[in-house]
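Have the sequence and the 3D view open side by side as you read. We'll hop from spot to spot and see what each one is up against.

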Amino acid sequence: MMMLLIDAGNTRIKWSLVQGKDWLRSGVLPVAQANELSRHLAGHCDPSTGPGQALPGISLHDIGQVWVSNVAGEEVARHIRNVGVNRNAQLHFVVAQQEQCGVRNGYSRAGQLGSDRWAALLGAWHLVRGECLVVNCGTATTIDALSAQGEFKGGLILPGLELMQSSLVTTTAILAPGRGEYVPFPKNTADAMFSGAVQASCGAIQRQHALLDNDTAPVVLSGGAAGVLREHIRMPLRIVENLILHGLLIIAQEAGGT
């Protein structure tokens with residue numbers, strides 16, 4: 001059965017088409033363009049694809065299930081409900097559970113944990129099968145701890161790299177936006193802001209990792225800023241692209257959507 005996996009975050013909507021163990025196609029759309037989601041997907045699923053293409057033509061009507069993590073609000077959810085797939089396709093909006101796919105949720109109220117964090121935790125657990133720190137760095141950076149027994153111990157939410165810098169620009173009178181670079185001891189304002197955001201993020205990751213009291217536990221890193229942060233993390237590291245989508249696939253497979 002062909003499945004459509006959708007990760008609707010604060011800034012971008014990421015999606016993949018999966019059939020069995022094969023990841024067929026993937027794409028990204030800005031959340032601000034969510035009203036174009038159906039047209040965007042249709043443009044990547046053209047049944048007229050010629051024989052010389054890498055993949056055979058596929059259609060939205062071939063999709064039997066849609067699995068969604070949505071933290072972008074009800075307006076985006078409405079566009080997702082109208083993506084134009086087969087009218088008989090099953091649509092599932094993921095909500096964090098008390099226990100699922102081998103992971104136990106230690107949140108004080110299980111359902112209040114964001115679906116993106118929950119899916120990322122499930123994806124990381126099935127990758128590592130042991131104690132780890134799950135870091136997803138997008139608009140916000142989340143730093144979540146998994147025990148060796150698959151228990152979500154808790155985690156942090158802090159502004160992402162861009163949000164840290166933009167908050168300084170919008171709330172101070174003399175700091176202007178600029179594209180900085182990371183340097184250990186910055187000597188201009190743009191570099192100072194960018195390097196400060198990197199150091200703050202990596203410092204939070206390092207402190208949470210130290211609390212695990214296990215130097216061999218990996219940091220499972222995903223998200224748009226992973227390429228920046230990976231250069232400054234001095235702990236065991238696993239880079240996973242689209243970790244949330246992997247978690248959605250695991251949920252779908254446990255539910256029998258293979």
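Ile244 sits in helix H7, which spans residues 243-254. Here helices (H or I, at least four residues) and strands (E, at least two) are DSSP runs, numbered from the N terminus. This is a predicted model, where local features need pLDDT of at least 70 and side-chain atom pairs count only at pLDDT 80 or more, while totals for chains, interfaces and linings use all residues. Residues are numbered from 1 along each chain as its sequence is written, and side-chain values use heavy atoms, with hydrogens and water left out.

Is Ile244 buried or exposed? Ile244 is buried, with a relative accessible area of 4%. (Buried means under 20% relative accessible area, exposed over 50%, and partly exposed in between, using a 1.4 Å probe and protein chains only.) Leaving aside residues up to four places away in sequence, Ile244 touches Asp7, Ser69, Asp116, Ala119, Ala120 and Asn136. Touching, or contact, means heavy atoms within 4.5 Å. Gly223 is 21 residues from Ile244 along the chain, and their C-alpha atoms are separated by 9.1 Å.

Now zoom out to the whole helix. The axes of H3 and H7 come within 7 Å and cross at roughly 80°. An axis is a line fitted to C-alpha atoms, for helices over the stretch in contact, and angles run from 0 to 180 degrees between N-to-C directions. That crossing makes H3 roughly perpendicular to H7. The cut-offs go like this: under 35 degrees is roughly parallel, over 145 is roughly antiparallel, 65 to 115 is roughly perpendicular, and the rest is oblique. On the H3 side, the contact is made by Asp116, Ala119, Ala120, Leu122, Gly123, Ala124 and His126, and on the H7 side by Leu243, Ile244, Gly247, Leu248, Ile250 and Ile251. Sorted by class, this contact has 9 nonpolar, 3 polar and 1 charged residues. For that sorting, Ala, Val, Leu, Ile, Met, Phe, Trp, Tyr, Cys and Pro count as nonpolar, Asp, Glu, Lys and Arg as charged, and the others, Gly among them, as polar.

Another helix pair is worth a look. How do H4 and H5 meet? The axes of H4 (residues 161-171) and H5 (residues 189-212) come within 9 Å and cross at roughly 130°. H4 and H5 are therefore oblique to each other. Leu161, Met164, Gln165, Leu168 and Val169 of H4 make the contact with Met193, Phe194, Ala197, Val198, Ala200 and Ser201 of H5. These residues divide into 9 nonpolar, 2 polar and no charged.

Between H4 and H5 there is a loop, and Thr172 lies in it. At 30% relative accessibility, Thr172 counts as partly exposed. Thr172 and Leu127 are 45 residues apart along the chain, and their C-alpha atoms are separated by 43 Å.

Next, try a pair of loop residues. Leu60 lies in the loop between helix H1 (37-44) and E4, while Val83 is in the loop between helix H2 (74-81) and strand E5 (90-93). Which residues does Val83 touch, not counting those up to four places away in sequence? They are Leu37, Ser38, Leu41 and Leu60. With the same neighbours in sequence left out, Leu60 touches Ser38, Leu41, Ala42, Cys45, Val83, Gly84, Val85 and Asn86. Leu60 and Val83 are 23 residues apart in sequence and 8.6 Å apart in space, C-alpha to C-alpha. Val83 and Ser38 are 45 residues apart in sequence, with 4.3 Å between their C-alpha atoms.

Here are some buried residues, with their places and relative accessible areas.

| Residue | Place | Relative accessible area |
|---|---|---|
| Gln65 | strand E4 (residues 63-70) | 5% |
| Leu60 | loop between H1 and E4 | 8% |
| Val83 | loop between H2 and E5 | 2% |
| Cys101 | loop between E6 and E7 | 6% |

The side chain of Gln65 makes a polar contact with the side chain of Trp67 (2.7 Å). A polar contact is a pair of N or O atoms within 3.5 Å; within protein, one must be able to donate a hydrogen and the other to accept it, and residues adjacent in sequence count only if both atoms are side-chain atoms.

Finally, check some backbone angles. Cys101 has a positive phi of about 50° although it is not a glycine. Arg129, in the loop between H3 (115-128) and strand E8 (132-137), is not a glycine either, yet has a positive phi of about 55°.
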